[in-house]
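Got the viewer open? Here's a short tour of what to select, stop by stop.

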Amino acid sequence: MGDQNTPITAADARQVVRRCGFGIPVKESKKYTVDALTGLTRGAVADLFLSFRPKGFQPKGKDFFASHNKWLKFMLKAKKGYALQEKLVLFFHDHFATNYTTLANQMGQADALVMMGQQNRFFRKNCTGNFKTLVKSINTNPAMMNFLDTVLNLKNQPNENYGRELMELFTLGVRDLNGKVNYLQEDIVQIARAFTGWQHDIKANTGHLHPEAHDTTAAFPERGPKVIFGVAHPEIVPPAPPHNVGGFASPQSFIVGGEAENEIDEVTEILFQHTDTDGENTIARHLTFKLLEYFCYANPTKAVVDQIIAASGFVGSWEMKPLLRAIFVHDVFYETAAPAPYGALTKKSVRWPVDYVLGTLRSLGMKPKGTALQLQGGDFNYLYDLLADMGQTVMEPVSVFGWDWEESWISGVALLARYEFVRDLVTSRFSEAFRPERLIDLDLTDPGDIVDAVVAQLGLSDPLGTNSQLTADQRQDLIDYLTDNGANPTLDLQDYDTRNRKLHGLYGLLLQSPAAVLH
Amino acid sequence: MAITRRQFLKRSGAVTAGGLLGPGIFSNPLVRTALAETIGDRYFVVIYLDGGNDGLNTVTPVDNDMGTLRSDYMAARKPGPGEGGSNSGIRLSVADLAGTHIGVDPATGAQLALHPGFAGAGPGAGGFKAIYDAGDLAVIQGCGYPEPNLSHEVSSIIWETGDPLGIGGYGNTGWIGRYLADPATGYGALDIPAVNINSAIAGEYVQIGTSVLAISRLRDFGFPFDGDYEDDAAAKEQAFLALHAKSLASAQPTVALVGGAGTVTFNASESYPALHGLYTSSRPAFNQMYTALDTSMARDLREVAKVIYGVTTAQANIDARHFWVRNGGYDTHGDQGGATGQHFNLHNEVASAVKVFYDDLADMGVADKVCIMVWSEFSRRVIQNDNGTDHGSQAPVFLIGGKVNGGVYGNHPNIAAGALDDGNTVYKQGADPFRSTDIRDVYGNVLKHWFIMPHGVIISNVLKLDTGFDPNEYWTVEDFDFINGGQPLFLP
């Protein structure tokens, strides 16, 4: 058990660098290297990574590929806390997902590029800011207003698309951590009414209300005033356990007042007061749970979620920075996986394709060429194609839910894409750009020492325990590979042929192994 | 625990490979032959319409007969340009539907018609309508489940798991996954009974016990061996497989998952890519038809056709019988269109591609061995919004195949304004004249009569009754032989 005053080891430092960025970059600002971080306290390390002042970068090119590649390149080159900044932008891009192709079909490519670029910059500027402000701004974000049909939500027949996803995805979640429903269809209808009549102004990067298209009591007296969480819900009291439909611990009644522009902010304020069946703030738990999955491991316990929230003072302040800091000083962040004895549902997280690709390139000190981000060698080796094959094209999340995390990254075709990327990078005849002599000491001759050096250089695993990425018997498999099952007990890495054959091969096997695929 | 798609996915112990080591009985050719003789060597192809397909503009009432279906439909949907309305009206006129009539609604006698998009085009001309006329398409109306959920995520998970109330104790396993993994079915961890044409494993197929392969394009499924230092290739392969085998044995579920997936992917990469060249060289005419359609649905179904062709021609280590493809874009909150436009284009894409695919299978001689199921996570709101539709409840399911007993099954949902709950049709069981078709009755019919899974095993291991709940509102009695008193869904 540790806390913010606990000094970190070199292994911990590698974990921090990997989780707060993409891989362990060969080129890094001095204060952020593994050597410099080792020995600092967890709190000091968290403060260091969170000390960046958000940049105003906006990825916008002449077409989709140019925009896509500009963002990738920005991530690839990020140093210091800016790697964390980009990891957070990616998180919010997934959380508040909008998709370029949908926007382009609706508004044309030029406007779609502008909207996606603006939104990307907006996430960057606010990624360690206030979460409530973020939600309020996303309500009138042009890309979002188009993507979830706010611009089609008119008073005669309100369109429920945004009202639903505002609760389901952006704030509350369908169910709380006890599996009880957080809201009902009627609440969606009422929120949809509050959002009627909004149109976007792409140039001004915001939205504004057209009062003539807005649902008012005067226009629709039969609908009554807009009320959310105010309906009695006798039917959602569980009829007989076990049953997966729950209810509210107690009726929560809020009335959306006013009939004008401030209605959507009022809805947001009400959502931030929503409490779950434990009486805890629903948004705080929902967001914290998701951040823990993103930075640590899947399915964290409720107790851990609540510890983080309590330590951060997030409820009421809604500030992201203390919330992130609370995660970064907690034991869960320093575990390589959920601590044993873990439940069947608690497990490691699968590295996102963007993290896998960019992290690998940064760890090997390699960079793709030109604005097209092409790897040396091969025919189809643009980063765009590789990432698409792995199941992740940034600015094109697969659905309104963003990407399906975890196991969905692990399927035949997506795994092959990872293997192929590694092959092209380090083991093929095209890989002259890969220079391991810059990464490890070529005077090492003992196969075990060589494996350990490469594992540490890639930041993959330590210690070699049952809960780590690479187990002791897998280490032995790699030694067997290096020695050809003991036939050549030592290696001369200074020899060009041996190095190209076995050291390149070792890098390839490690990067293709479950140790590198998991995070 | 908040149930989100992500968590559901994460809850699987292993998506692509299970805990049982070693080949299952299916790896034994004699067992496969014996099984083929029992159940006729059958295929099952799932087509998922992602986003919530508007069922009311999929199977549409043309008249009232003894009920009020057409009048109710007219009241709920605004006229389109064909009836003097604007492009925001999505109603299908009687004239729009003139060429796509099918049977009548069993309960009200109302004449029904398919959306005109289902007539297909190009090499797939005729589409679902032609397949229906040939007696090979069953329309199952009003499919749903108790306590309808309007979230894409939750509702699609319910359809995939076949466990609406979450009382089955099935975790996130899919209904097909539970069939595949059942000991009575006999597949082992490293068998590959199913292929999903997708970058990820579909929810229906999730299970622990056997392997499901996600493939985008067979041609590209080769393992990326190192072209240099070929004398080191065997050592690399040995190390790769050893690392993954040890991960497969891990107690950490995700580690085991990645270990199994890596192993199975390696094995499949040895046998699947060749199916591409085999198909294109053996079946150039059909290959060209898919190319001419130039849609993702056509391209994806062609990949399925390649695997089935591989099975029918007895290619080594090709044993998949279960497939999954997806077509997206059905979340038509805005600009849905009526007889033309967005929704038309979606139906046209699916119907044209399926027609070519079905003709292809018939030409291979396996039309009688295949069953295609088309579903969507929900229908859409009965009353349209300004120019589209919001989320709804029960929806029609299509079953297609040579042994499918074509016709109309199940009742059309009651769309009378007074019968709606928050604008959506209501799920009913019991003696209600508008009784819904529970999705588990559809699944149960398929399992029992297509896969010949014993009735008792289905009830104990795959689909759980809502025992103890109100029999008028919940699924308390299974109906695995008929759908709402209709004909058997499958011919002998």
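**Stop 1: a strand and its partners**

Select β5(B) and strand β10 (residues 395-400) of chain B: the two pair in the antiparallel sense over five bridges. (Strands are DSSP E runs of at least two residues, helices are H or I runs of at least four residues, and both are numbered from the N terminus; strands pair if DSSP finds at least two bridges between them.) Before going on, some housekeeping: this is a predicted model, so local features need pLDDT of at least 70 and side-chain atom pairs count only at pLDDT 80 or more, while totals for chains, interfaces and linings use all residues. Residues are numbered from 1 along each chain as its sequence is written, and chains are lettered from A and ligands numbered from 1 in the order in which they are written.

Back to the pair: click B:C143 and you'll find B:A395 of β10(B) standing opposite. Next, add strand β11 (residues 407-409) of chain B, which runs parallel to β5(B) and is joined to it by three bridges. Here B:V139 has B:V408 across from it. Then pick strand β12 (residues 437-438) of chain B, which pairs with β5(B) in the parallel sense over two bridges. The residues to click are B:G144 and, opposite, B:D438.

Is β5(B) enclosed or open? Color strand β5 (residues 137-144) of chain B by burial: eight of its eight residues are buried, so the strand is largely enclosed by the rest of the structure. (Buried means 20 or more other C-beta atoms within 10 Å of the residue's own, exposed means 12 or fewer, partly exposed is in between, and C-beta atoms are placed from the backbone.)

**Stop 2: zoom out to chain B**

Show the whole of chain B as a cartoon: there are 14 helices and twelve strands. Its radius of gyration is 23 Å, close to the 23 Å that the globule rule gives for 492 residues, so chain B is as compact as a globular protein of that length. (That radius is taken over C-alpha atoms, and the rule is 2.2 Å times the number of residues to the power 0.38.) Along the principal axes, the C-alpha atoms fill a box of roughly 75 × 55 × 40 Å. Of the 492 residues, 62% count as buried.

**Stop 3: where A meets B**

Bring in chain A. The contact takes 69 residues from chain A and 69 residues from chain B, a contact being two residues whose C-beta atoms, placed from the backbone, lie within 7 Å. On the side of chain A that touches chain B, finish by selecting α20(A), which gives the largest share, nine residues.
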